[in-house]
Amino acid sequence: MSAIRDFFASRLGIISVGCFIGVFAALLQKWGNPGNMGICVACMERDIAGAIGLHRAVVVQYLRPEILGFVLGAMVSALAFREFRPRAGSAPIVRFVLGMLAMIGALVFLGCPWRALLRLAGGDGNAILGLAGLVGGIWLGTLFFKNGYNLGRNQHTYASVGWLLPLMMLGLLTLRLMFPPLPDKDLSGILFYSLKGPGSQYAPLAVSLGVGLAVGFLAQRTRFCTMGAIRDLILFRQLHLLSGVLALLAAAFITNVILNQFNPGFTGQPVAHTMWFWNFAGMVVAGLAFALAGGCPGRQLFMAGEGDGDAAVFVLGMIVGAAVSHNFGLASSPAGVGPYGIHAVIISLAVLLFIGFTMRQKIS
Amino acid sequence: MSELLDARGLSCPQPVLLTLEKLRSLSQGELVVLVDTDTSRENVIRAAASLGWQAKEVQAEGTDYRLTLKKA
């Protein structure tokens, strides 16, 4: 057990896991997921919000099993390696709002950091602007860290606090099994299903769930985090997490080339728009929100699987943020930003700066 | 007498940030860091190593860890 633990904590361990995620993300696209969206935590949580009717954007409604797998796989890993630590109480309302704002920003760009990498690996040049925005947002976050920003300490708590989000995911899985997609029906029991658009494109349930569980398990072991990769580089000049992220990018690129899924260019890219400034600005918002919350959206799912109730609140904030984005016309589409997307970016940035500037009490 | 840093309950990157700040101010000697997650344990040890500090002892205390960092 200790040899396995040491391997995953090593540089080779995180590079191996980055390669695994890159290869299987590209394969998920081959197996049915939308273009350059083998894995996208933001898009997949947005689709889940649609599947349970929190928003009614008919092209993005599907209960993505990958997300359930991420949380449950991380939980299995945390339990197996005795790392399940129920904890909560570090400014939960702030974490909820950070989750919402992160999702709002990500949906202006159309993707989380994972998908930004996968879009680049598929040849989508617009992803360069998104990644530049992500780096910019995280850089802003590091300035706040240097000036004493923190959300305060969490506390050990009841085991049931740590169990709640994994149990919710099990509940969603039960719904998915009880109400499977029906041919040409947009409603199965209480679940909504897209008949066209990205929500109608998905790999088989067992494949999506299996890859999700494996990624959740491996990412929990290695602490894989796309935001942390950039933050640690800027703040500490550390390359550990970044090596995993670069491995993901390289592995996805090579797999895409082999599968004939690499199509370089800026226009006509799958589930993407070409409004470069808003691609950049949307990810500044998302990057800053992830930095202030201490993890990228994937990492928040894995921490929630380890029993972190505050990360679970961030996840729920993201799902609600997706509903708000689509209900209020904030989310982009391949045609460009939504009717209120630009307003949303400006307001979100203002709220993030408010949080960053005002929560700077020195830790006693 | 070693210095003590309590980083329990803090989110990333606070435990590493505080440890590095403390290690830079000490430049050598011994620092005890308390953390409460395995992620923080690994991150603090890795960051300390980058400044030439070694984890002399890693003790589990209930659900927490007591890390003794040393530099001669």
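This is a short tour of two chains, A and B, with suggestions on what to select at each stop. Keep in mind that you are looking at a predicted model.

**Stop 1: all of chain B**

Select chain B and show it as a cartoon. You should be able to pick out 2 helices and 4 strands. Now follow chain B along its sequence, and the elements come in the pattern β-α-β-α-β-β.

Next, turn chain B around to get a feel for its dimensions. Along its principal axes, the C-alpha trace spans about 30 × 20 × 20 Å. How does the radius of gyration of chain B agree with that of a compact globule? For 72 residues, such a globule would have a radius of gyration near 11 Å, and chain B has 11 Å, so the two agree.

Try colouring chain B by burial, too: 43% of its 72 residues count as buried. Contacts within the chain are also worth a look. Take those between residues at least 6 apart in sequence; 58% of them join residues at least 24 apart.

**Stop 2: residues 5-29 of chain B**

Now select residues 5-29 of chain B. UniProt, in an unreviewed entry, places the feature "domain: UPF0033" here. This stretch is 52% helix and 12% strand. If you mark the C-alpha atoms at its two ends, you will find them 14 Å apart.

**Stop 3: where chain B touches chain A**

Bring chain A back into view and select the residues where the two chains meet. How many residues does each chain bring to the contact? Chain B gives 19 residues and chain A gives 21. On the chain B side, look for α1 (14-26) and α2 (38-50), each of which supplies at least two residues. The largest share of that side comes from α2(B), with 6 residues. Colour the chain B side by residue class and you will see 7 nonpolar, 7 polar and 5 charged residues.

**Stop 4: two helices in chain A**

For the last stop, select residues 205-222 of chain A, which form helix α9, together with residues 297-305 of chain A, which form helix α13. The two helices pack at an angle of about 85°, and their axes are 10 Å apart. That angle makes α9(A) roughly perpendicular to α13(A).

Which residues make this contact? Show the side chains where there are any: α9(A) offers A:G216, A:A219 and A:Q220, while α13(A) offers A:G298, A:F302 and A:G305. By class, the residues of this contact divide into 2 nonpolar and 4 polar, with no charged ones.

Note on methods. Residues are numbered from 1 along each chain as its sequence is written. Chains are lettered from A and ligands numbered from 1 in the order in which they are written. This is a predicted model: local features need pLDDT of at least 70, side-chain atom pairs count only at pLDDT 80 or more; totals for chains, interfaces and linings use all residues. Two residues are in contact if their C-beta atoms, placed from the backbone, lie within 7 Å. Ala, Val, Leu, Ile, Met, Phe, Trp, Tyr, Cys and Pro count as nonpolar, Asp, Glu, Lys and Arg as charged, and the others, Gly among them, as polar. Axes are lines fitted to C-alpha atoms, for helices over the stretch in contact, and angles run from 0 to 180 degrees between N-to-C directions. Angles under 35 degrees count as roughly parallel, over 145 as roughly antiparallel, 65 to 115 as roughly perpendicular and the rest as oblique. UniProt positions are given in the numbering used here, feature names are shortened, and annotations may be inferred rather than shown by experiment. The radius of gyration is taken over C-alpha atoms; the globule rule is 2.2 Å times the number of residues to the power 0.38. A residue is buried if 20 or more other C-beta atoms lie within 10 Å of its own, exposed if 12 or fewer, and partly exposed in between; C-beta atoms are placed from the backbone.
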